[in-house]
Amino acid sequence: MSFAAVSTHAGAVASSRRAPVGMGASTLGEQRQVGRLVDHVAGRRYRHRRFDVRWTASAGDPNNESRRRSLNSRNAPGHAHRRGPKPPSIDRVLRAMPELTPESPKDKPVSTNAMSFDESSIGDTEFIAETKLPTGSGFYRLRGYRHSVDGGVPSEPVAICFGDIEGREKVPVRVHDACFTSEVLGSLKCDCKQQLQLAMEYIQENDGMVIYLHQEGRGIGLANKIAAYALQDTQGLDTVDANRALGLPDDVREYTAVANILEDMGIRSIQLMTNNPRKVATLERLGVKIEGRIPCIVKANLFNQGYLEAKEGRMKHFLDGSWCYWDHSGNTFDEDDAAASGEGGGAEQGEPAAEEK
Ligand SMILES: Nc1nc2c(ncn2[C@@H]2O[C@H](COP(=O)(O)OP(=O)(O)OP(=O)(O)O)[C@@H](O)[C@H]2O)c(=O)[nH]1
C-alpha cells in the first residue's frame, strides 16, 4: 500500500463535484450520506490485515532504571547552551490568549500577543515506561514520556513504535498532533484521523514510529479550536483566518519532545511523514536529521475540502492538489474502480515515494 495519496474514498459517495465547505444545519439526507461515508471509510481502514509481530521485551523493560532519565540531563545544569534570551513558554503564550466561548468569540477582546512558540526553547523529556499494545491491526510498542518546556505544565508525548528501530537511520517517523474532534469523535472537518491511520499502517509495514503530541488545534487547545470552528461555521472563515480573527497564532506547536525522543532511542536520522514545510523546518532547526520526506496525503471528503485548500494555499503544505477526488474535467474518481479494472493509478499501488533530501 502506498502511503501517499491513499483515498478515504469520499468520491464514491459524493453526489456533487465540489460540495459546499461551510455546511449549515444538516438535513436527514446529508446525515445519511455522512453515515454512509463513515461506514465506507471504517470498512476500508479496519479491514483484517496480516502482520508479523516484531517485539523485543528487552527494549521495553520499564523497570530498567537506566531508561528513566531526563533526556536533557547531558545538557544540565540550567540549559546553559540555550541561545539568546529566555523565550516564553508555550503555557505562557496560551495563558495570554483571551478566554473564548463558541457563542461569542467576537465579543471578546482580541489578543495582540499572537506570537508563535520560540523553537530555541529546550524541553525536558523523561522516558517513563514502555508497554506492548495490542490493536485491531497489530501489536505496537507504546513508549510513554513526560515533557515540559521552561518548567511549564507537563505534557505526555507518546512514541508508538513498530519494529526494532532503536539506533537506526532513515527511520520512518510521523510527528502527529492531537485532534480530539476527528480521532475521538470521528469529525470529517479535517484529515487528522486518516493521516494517523495511514501512519500506523505505514510503520507496521516499514518499521517506524508515530510520535503523538498533545498539541490540540495546532497548539491553541481544544476550546479555542472549537471557537475557531464556530467562526468557520458562522462567518465562512478558513482555518487560518478563524485563528487570526480570535487573536490566536496560526500555529503554536513546539517539537522539542521529538528531538529528545529520537535522541533517547538513538535514532540517527528519519524520513518524516508529513506534508507540512513548517514541521520539516522546525525539526531541522532542533537538530533532527531528516533524510527524506514521505507524503501523507488523504483524499478530501465532503466536509474538509476547505480545510485542505487552506493547508495547501495558505499554509503551503506540499499537497499539489493531490487531495482532490475530482479530475480537472470535474469528474469524480473512485480508486476502487481503477484498482479493480487494473488500470492502475490507484494510490494504494506501488511503494511510497519518499523524497530523498
Ligand atoms: N486551529 C485549528 N486547528 C485545527 C483545525 N483543524 C484541525 N486542527 C488541528 O491541526 C492539527 C494538525 O495540523 P495540520 O495543519 O492539519 O497538519 P500538520 O500536522 O501540520 O501537517 P501534516 O504533518 O502534513 O499532517 C491538529 O492538532 C488538529 O487538532 C482548525 O480548523 N483550526
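Select E312 and show its surroundings. Leaving aside residues up to four places away in sequence, E312 touches H317 and L319; a contact here means C-beta atoms, placed from the backbone, within 7 Å. E312 sits in helix 9, residues 305-313. Helices (H or I, at least four residues) and strands (E, at least two) are DSSP runs, numbered from the N terminus. E312 counts as partly exposed because it has 18 C-beta neighbours inside 10 Å. The cut-offs are these: 20 or more other C-beta atoms within 10 Å of a residue's own make it buried, 12 or fewer make it exposed, and anything in between is partly exposed, with C-beta atoms placed from the backbone. Now draw a distance from E312 to N275. Their C-alpha atoms are separated by 9.1 Å, though the two residues lie 37 apart along the chain.

**Before going on**

This is a predicted model, in which local features need pLDDT of at least 70, side-chain atom pairs count only at pLDDT 80 or more, and totals for chains, interfaces and linings use all residues. Residues are numbered from 1 along each chain as its sequence is written.

Colour by pLDDT, the predictor's confidence in each residue from 0 to 100. The protein has a mean pLDDT of 71, and 57% of its residues reach 70 or more. Select residues 1-28: pLDDT stays under 50 there, and the model has 79 contacts beyond four places in sequence for this stretch. Then select 30-90. The pLDDT is below 50 here too, and the stretch has 72 contacts in the model beyond near neighbours in sequence. The model scores are ipTM 0.98 and pTM 0.69.

**The whole chain**

Zoom out. The protein has 357 residues, and 40% of them count as buried. Its secondary structure comprises 10 helices and eight strands. Among contacts between residues at least 6 apart in sequence, 71% join residues at least 24 apart.

**Rest of helix 9**

Return to helix 9. Its buried residues include Q305, Y307, L308, A310 and K311. What do the buried residues of helix 9 pack against? Show helix 6: that is their packing partner.

**The ligand**

Select the ligand and its shell. A residue is near the ligand if its C-beta atom, placed from the backbone, lies within 6 Å of it. The shell has 22 residues, and the closest are D177, C179, T274, N275 and N276. N275 is also the residue whose C-alpha atom is 9.1 Å from that of E312. Now add three helices: helix 4 (192-206), helix 5 (222-235) and helix 6 (239-245) each supply at least two shell residues.

Colour the shell by class. Seven residues are nonpolar, nine polar and six charged. In this scheme Ala, Val, Leu, Ile, Met, Phe, Trp, Tyr, Cys and Pro are nonpolar, Asp, Glu, Lys and Arg are charged, and the others, Gly among them, are polar.

**Helix 8**

Move to helix 8, residues 277-285, and pick out the buried K279, T282 and L283. They lie on the same side of helix 8, because they cover an arc of only 95° around the axis; the arc is that of the directions from the helix axis to the C-beta atoms. On the face turned away from that buried side, find the exposed A281 and R285. The buried residues pack against strand 4 (171-177), helix 7 (256-264), strand 6 (270-273) and strand 7 (290-294). Just past the helix, stop at G287: its phi is positive, near 95°.

**Strand 6 and its partners**

Select strand 6. Both faces are covered: I270 and L272 are buried on one side, Q271 and M273 on the other. In a regular strand the side chains alternate between the two faces of the sheet.

Which strands pair with strand 6? Strand 4 does so in the parallel sense, over three bridges. Strand 7 also pairs with it in the parallel sense, over four bridges. Pairing requires at least two DSSP bridges between the strands. Centre on Q271: P172 stands opposite it, and so does G292 in strand 7.

**Two positive phi angles**

Most residues other than glycine have a negative phi. Go to K170, not a glycine, where phi is positive at about 50°. K170 belongs to the loop between strand 3 (158-162) and strand 4. It is partly exposed, with 17 other C-beta atoms within 10 Å.

Finish at D207. Its phi is positive, about 60°, and it is not a glycine either. D207 lies in the loop between helix 4 and strand 5 (208-213). With 16 C-beta neighbours inside 10 Å, D207 is partly exposed.

Key. Two residues are in contact if their C-beta atoms, placed from the backbone, lie within 7 Å.
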